[in-house]
Amino acid sequence: MKITNICCIGAGYVGGPTMAIIALKCPHIKVTVVDLNEKRIAAWNDADVNNIPIYEPGLSAVVAEARGRNLFFSTDVDKAIDEADMIFISVNTPTKMYGVGKGMAADLKYIELCARQIARVAKDDKIVVEKSTLPVRTASAIKDILNHTGNGVQFQILSNPEFLAEGTAVEDLFAPDRVLIGGDSTLEGKKAIQQLVDIYTNWVSKDRILTTNVWSSELSKLTANAFLAQRVSSINALSELCEKTGADVNEVAKAIGMDSRIGSKFLKASVGFGGSCFQKDILNLVYIAKSYGLDEVADYWEQVIIMNDHQKRRFAKNIIKTLYNTVSGKKIAFLGWAFKKDTNDTRESAAIYVANDLLSEQANISVYDPKVSFDQIQMDLNYLETRSPEENANGVQVVASVYETCKNSHAIAVLTEWDEFKTYDWQKIYDSMLKPAFLFDGRNLLNKSELERIGFVYKAIGS
Ligand SMILES: NC(=O)c1ccc[n+]([C@@H]2O[C@H](COP(=O)([O-])OP(=O)(O)OC[C@H]3O[C@@H](n4cnc5c(N)ncnc54)[C@H](O)[C@@H]3O)[C@@H](O)[C@H]2O)c1
């Protein structure tokens, strides 16, 4: 049986873009993306396609082509489940903030709610696809719920983790390094795997589609994120040593990256990684290892997080120390708030933690980010519960012009690697600042010699 109707539960950073691409590449399949969040669905349906809730280069054009043809966004979850042959679960799986596993384990309550809803609504056989990143062996819990509370219908559970990176989601989805599909080795399991393979082969070549058992697929996603984050923490650990020894981390990164066994990607020293995935997925891996009594394995991976926290704190400390050990009442300009360029996602962004440390020292922070609003910045700071919302609102301003943001500031901190930052009139910015004018480049983005020539005291990471 060919799949003709897909439903995806969760219209977020993964559900929205992945389903938009499937719909674009498979015009014969009806794709409905559902979410409980009415505001988010309304934004996906906004007549002006530039107002869709997720900013990704190229995404609005994809949505413009497929939306209303075979791509639909809705809050009617039951109806979409009922009509679908295949249901993707793409809901959030944040770190659990209560009870057993607090601060480490993945909170699977949204996943379980989806499974229960599918069990309640489904009247015919369905393939359920885990798109969310899940702890290894989650599929057995989903299967249990579906088989015990269902209406006697048959479910096949597949794991199909998403490897897209925010900021390049559309590019990644058009040409993935690989598509991973895990399923049962039973006849029905193999059939279900093939049905999902048949969807991807509409635009992905067969040799890039990897099929495995469910547990390998689930664990591979956590492992991929752990390895990527580990590279960032590894180079960041060396950045501190470079600062002490006179070595330059960019030169070290280039020298080691040319070794084909190491490779050049993900070796940029920075203020630290952010985003919704790396931290939560490593913590989840650590928790799983601990729960099997594998303490050394857990400690090994936990160090990646410890290093990342250290790097963020170290960056804030360096600003305070350089500004003569006090930032109280001083204006510090932040360039960027998103966790990386080309996304409006701010979850776990390093900027939040650096701002938090500086606000605790009574700094005045002025932020410019091309895609992030004042409200989002306030929400991010309030979430930490370090100080009251009023105090956060008093301590942080957001100005639409970068030149206003930097004017009369003592220092600038670059927190996101937006390309436009490289194109500014840095002489004009320098002239408007208090002297000495400091520039802390948390992304090693700007041209050191050029900025030093203008007169900035330029501090990069790791040199
Ligand atoms: N963001 C990434 O770059 C990325 C990449 C790969 C994998 N992932 C994984 O994909 C999953 C989703 O991540 P995201 O960034 O898209 O999260 P997100 O928070 O942007 O989106 C999740 C959406 O699911 C909705 N939702 C939750 N429970 C629901 C329910 N019962 N019914 C209907 N809707 C419901 C929420 O309202 C939200 O809009 C996570 O497991 C994440 O780890 C994320």
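Modeller: Axes here are lines fitted to C-alpha atoms, and the angles between them run from 0 to 180 degrees between N-to-C directions. The model is predicted.

Colleague: At about what angle does helix α13 run to β9?

Modeller: Helix α13 takes in residues 350-360. This helix lies across three strands, namely β9 (331-335), β10 (364-368) and β11. Its angle to β9 is about 175°.

Colleague: Which strands does helix α14 touch?

Modeller: Helix α14, residues 374-384, packs on the sheet. Its direction makes about 155° with that of β11. The strands touched by α14 are β10 and β11.

Colleague: Why is one side of β11 and of β14 left without a neighbour in the sheet?

Modeller: The sheet is open and parallel, and its six strands follow the order β11-β10-β9-β12-β13-β14. β11 (396-398) and β14 (457-460) each have a single partner strand, so one side of each is left free of a neighbour because these two stand at the edges.

Colleague: By how many degrees are neighbouring strands of this sheet turned against each other on average?

Modeller: The pairing in this sheet is parallel. With direction ignored, the average turn between neighbouring strands is 20°.

Colleague: Which residue in β13 stands opposite I412?

Modeller: Strands β12 (residues 411-414) and β13 (residues 438-441) run parallel and are joined by four bridges. Opposite I412, β13 places L439.

Colleague: Which peptide bond is cis?

Modeller: Most peptide bonds are trans. The loop between α17 (426-432) and β13 contains P436. With omega near -5°, the cis bond is the one from K435 to P436.

Colleague: What value is phi of N325 near?

Modeller: Most residues other than glycine have a negative phi. N325 sits in the loop between α12 (295-322) and β9. Its phi is positive although the residue is not glycine, and the value is near 65°.

Colleague: Which residues come nearest to the ligand?

Modeller: The shell around the ligand divides into nine nonpolar, nine polar and seven charged residues. Of the 25 residues around the ligand, those that come nearest are D35, R40, T93, E166 and K280.

Colleague: How much of the ligand's accessible area does the protein cover?

Modeller: A ligand oxygen is 2.6 Å from an N or O atom in the side chain of T93, and a ligand oxygen is 2.8 Å from an N or O atom in the side chain of R347. A ligand nitrogen is 3.4 Å from a polar backbone atom of L36. On its own the ligand has 830 Å² of accessible area, and the share covered by the protein is 92%.

How values were computed:
Residues numbered from 1 in each chain as written. Predicted model: local features only at pLDDT ≥ 70, side-chain atom pairs only at ≥ 80, totals over all residues. Heavy atoms only, no water. Pairing = 2+ DSSP bridges. Contact = heavy atoms within 4.5 Å. Near = heavy atom within 4 Å. Polar contact = N/O pair within 3.5 Å; in protein donor to acceptor, adjacent residues only side chain to side chain. Areas by Shrake-Rupley, 256 points an atom, 1.4 Å probe, with all protein chains shown as cover. Nonpolar A, V, L, I, M, F, W, Y, C, P; charged D, E, K, R; others polar.
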